[in-house]
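Reader: I am new to this structure. Please pick one part and take me through it closely. Then set it against the rest of the chain.

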Amino acid sequence: MRGALTAAMGAVRVGPTGPGAAPSLELRGGNDGRVGGGGAPGDDGRVPGGCGGPTRLSAGRAATLRTGAGGGVLRGALDGGPEPAMRGVLGVCDGRTDTGPTAPGGATGRRGGGGGSERAPPSRGGVGGSFLGELGSSLMQDHEPITSFRGLDSESARADIREMGRLIDGRWTSDELETDDHGRFLREATLFRGSVTRDGSSGFQAARGRYHLYASLACPWAQRTLILRELKGLTGVISLNLTDPVLSDKSWCFSERYPDELNGASHLADLYVKANPRYTGRVTVPVLWDTREKSIVSNESREILRMLDCEFDDFAENAQSLCPSEQRAEIDATIDALYAPVNDGVYRSGFAKSQTAYEEAVRALFEALDAYDLRLRDRRYLCGPTLSEADICLYTTLVRFDPVYHYHFKCNLRRISEYASLGPYLRELYQISAFRRTTDFEHIKRHYYMSHPSLNPSRIVPEGPPLDLDAPHGRERVVSP
Ligand SMILES: N[C@@H](CCC(=O)N[C@@H](CS)C(=O)NCC(=O)O)C(=O)O
């Protein structure tokens with residue numbers, strides 16, 4: 001049940017090769033190069049800063065994109081999937097070739113895992129190591145059950161952790177998450193809104209080795225960019241450092257285990273201040289950093305997603321777009337519609353400060369999920385027969401739902417696994433290696449349960465729930481109109 005990605009240009013259908021088999025995934029080329037917007041409005045607060053350091057790159061890998069049980073496998077310029085010949089080769093850093101771990105991902109968020117022949121083997125290994133080891137461990141290797149991380153508690157358990165905080169005029173200030181007069185959670189607009197363009201007309205020209213991504217495996221917004229970077233084969237073009245999963249008393253931080261190898265910062269906030277010494281606002285991931293200007297280009301995930309998708313084709317191993325120009329309006333409208341009730345809706349539910357605000361958010365969330373479940377009954381993906389940026393935006397919320405949002409954010413009317421279409425859809429996406437390799441349940445669970453003391457004062461990370469994202473998804477039977 002495999003098909004091959006044979007070309008970097010034009011329409012490529014991939015999927016089962018047997019007679020009469022439906023393609024499991026199609027990636028199509030072409031985009032108009034426009035960097036789309038759509039996030040909350042804001043100013044470009046870019047001010048060149050004054051830090052520096054070596055740019056380290058993880059090299060791109062020709063590899064395999066597994067589209068899931070019963071689905072096809074993309075080979076070629078996508079990412080390092082579990083194809084035996086490709087395993088272990090992570091890439092080149094400062095001229096060195098590093099060899100990464102060899103186990104395919106298989107996180108199930110539970111002890112053991114796997115079962116049937118379609119499923120990944122039981123998890124083993126862990127996270128940690130150097131920059132490339134980090135990538136390898138975090139993005140390539142299987143995951144230990146959460147309990148194995150208890151030995152690390154002293155490293156990242158921060159007894160003095162406060163709820164949250166922000167920079168005001170470049171100085172760190174602890175404060176509460178903002179809510180309106182009715183207790184509704186209010187997400188701040190992101191302020192760095194520069195854009196990288198292919199032709200450099202924006203002031204930031206796409207280039208190999210110029211841009212660096214700061215991201216957290218825990219964060220749904222950041223994971224969008226990690227998935228796209230993998231899918232497009234940009235791991236050798238845009239380097240990456242991950243933050244420690246647990247928020248410190250000064251927001252996202254780096255640690256011995258998760259160092260900032262580019263700028264040597266201890267906290268992400270320091271990079272915001274380097275970029276703009278008078279920055280006022282929250283310190284969020286993802287951050288797209290320009291190593292030339294030594295500043296932040298953008299901290300808006302949706303816009304970074306689009307830049308990586310559409311502006312780096314001169315360097316991407318895979319030129320197919322997840323937002324082809326002829327579908328752009330539909331994809332943008334779909335991403336827009338997901339934001340309030342779903343992507344932000346889980347936070348509106350979890351961070352609500354009044355019963356009314358909570359109920360309003362949780363109802364809107366489940367109404368939307370019910371509607372997406374229906375929509376996906378006869379559509380393979382959100383915008384039709386091909387995977388798009390919109391699916392990435394839905395996935396990163398769905399995959400956190402049952403292990404975290406259901407409990408921690410009280411989004412508990414239903415689980416995703418109970419939905420007839422959303423459950424299998426989530427499994428299908430998880431089984432694509434770029435999604436799986438960037439999904440780390442240890443980071444996800446530790447982040448949420450340990451970083452919000454007002455929601456979980458004990459900071460104990462629950463053991464469950466059991467997840468079985470490697471179960472066959474059967475989505476190849478869904479034929480989009
Ligand atoms: N609109 C931003 C939101 C990013 C965001 O809120 N990230 C969260 C991580 S899940 C964060 O960094 N929160 C820290 C804070 O708000 O202090 C985007 O899409 O990039």
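**The ligand shell and the sheet**

Author: Two helices, α3 (220–231) and α5 (301–310), each give at least two residues to the shell around the ligand. Helices here are DSSP runs of H or I with at least four residues, strands are runs of E with at least two, and both are numbered from the N terminus. The model is a predicted one: local features need pLDDT of at least 70, side-chain atom pairs count only at pLDDT 80 or more, and totals for chains, interfaces and linings use all residues. Residue numbers start from 1 along each chain, as its sequence is written.

Stay with the ligand for a moment. There are 16 residues around the ligand, and C219, W221, R282, T284 and S301 come nearest. A residue is near if its C-beta atom, placed from the backbone, lies within 6 Å of the molecule. By class, this shell holds seven nonpolar, six polar and three charged residues. Nonpolar means Ala, Val, Leu, Ile, Met, Phe, Trp, Tyr, Cys and Pro; charged means Asp, Glu, Lys and Arg; the others, Gly among them, are polar.

Now the sheet. Four strands form an open sheet in the order β12-β11-β13-β14, with mixed pairing. Strands pair if DSSP finds at least two bridges between them. The edges are β12 (239–242) and β14 (295–298), and each of these pairs on one side only. On average, neighbouring strands of this sheet are turned by 35° against each other, direction ignored.

Follow β11, residues 211–215. Towards β12, β11 pairs in the parallel sense over four bridges. There L213 stands opposite L240, and A215 stands opposite L242. Towards β13 (residues 287–290), β11 runs antiparallel, and four bridges join the two. L213 has a partner here too: L288 in β13.

How well is β11 covered? Five of its five residues are buried, which calls for 20 or more other C-beta atoms within 10 Å of a residue's own (exposed is 12 or fewer, partly exposed is in between, and C-beta atoms are placed from the backbone). Y211, L213 and A215 point one way from β11, while H212 and Y214 point the other way. The edge strand β12 is covered on both faces: S239 and N241 are buried on one side, L240 and L242 on the other.

Next comes the helix on the sheet. Helix α4 (residues 268–275) lies across β11, β13 and β14, and runs at about 95° to β14. Axes are lines fitted to C-alpha atoms, for helices over the stretch in contact, and angles run from 0 to 180 degrees between N-to-C directions. Eight of the eight residues of α4 are buried, so this helix is largely enclosed by the rest of the structure. The list of buried residues includes D270 and K274 along with L268, L271 and V273. Their cover includes β7 (164–168) and β8 (171–175), as well as β11, β13 and β14. Contact means that two C-beta atoms, placed from the backbone, lie within 7 Å.

Look at A275, also in helix α4. A275 counts as buried because it has 26 C-beta neighbours inside 10 Å. E293 is 18 residues away along the chain, and the C-alpha atoms of A275 and E293 are separated by 9.0 Å.

Now step back. The protein has 12 helices and 14 strands. Buried residues are 55% of its 481 residues. Among contacts with a separation of 6 or more, 70% join residues 24 or more positions apart.

Other helices pack further along. The axes of α9 (residues 389–408) and α12 (residues 441–451) come within 10 Å and cross at roughly 10°. These two helices are therefore roughly parallel, a label for angles under 35 degrees (over 145 is roughly antiparallel, 65 to 115 roughly perpendicular, the rest oblique). R400, P403, V404 and H408 in α9 meet F441, I444, K445, Y448 and Y449 in α12. By class, this contact has six nonpolar, one polar and two charged residues.

Helix α10 (residues 422–430) is mostly covered, with nine of its nine residues buried. Among them are R427 and E428. The buried residues of α10 pack against α8 (355–375), α9 and α11 (433–437).
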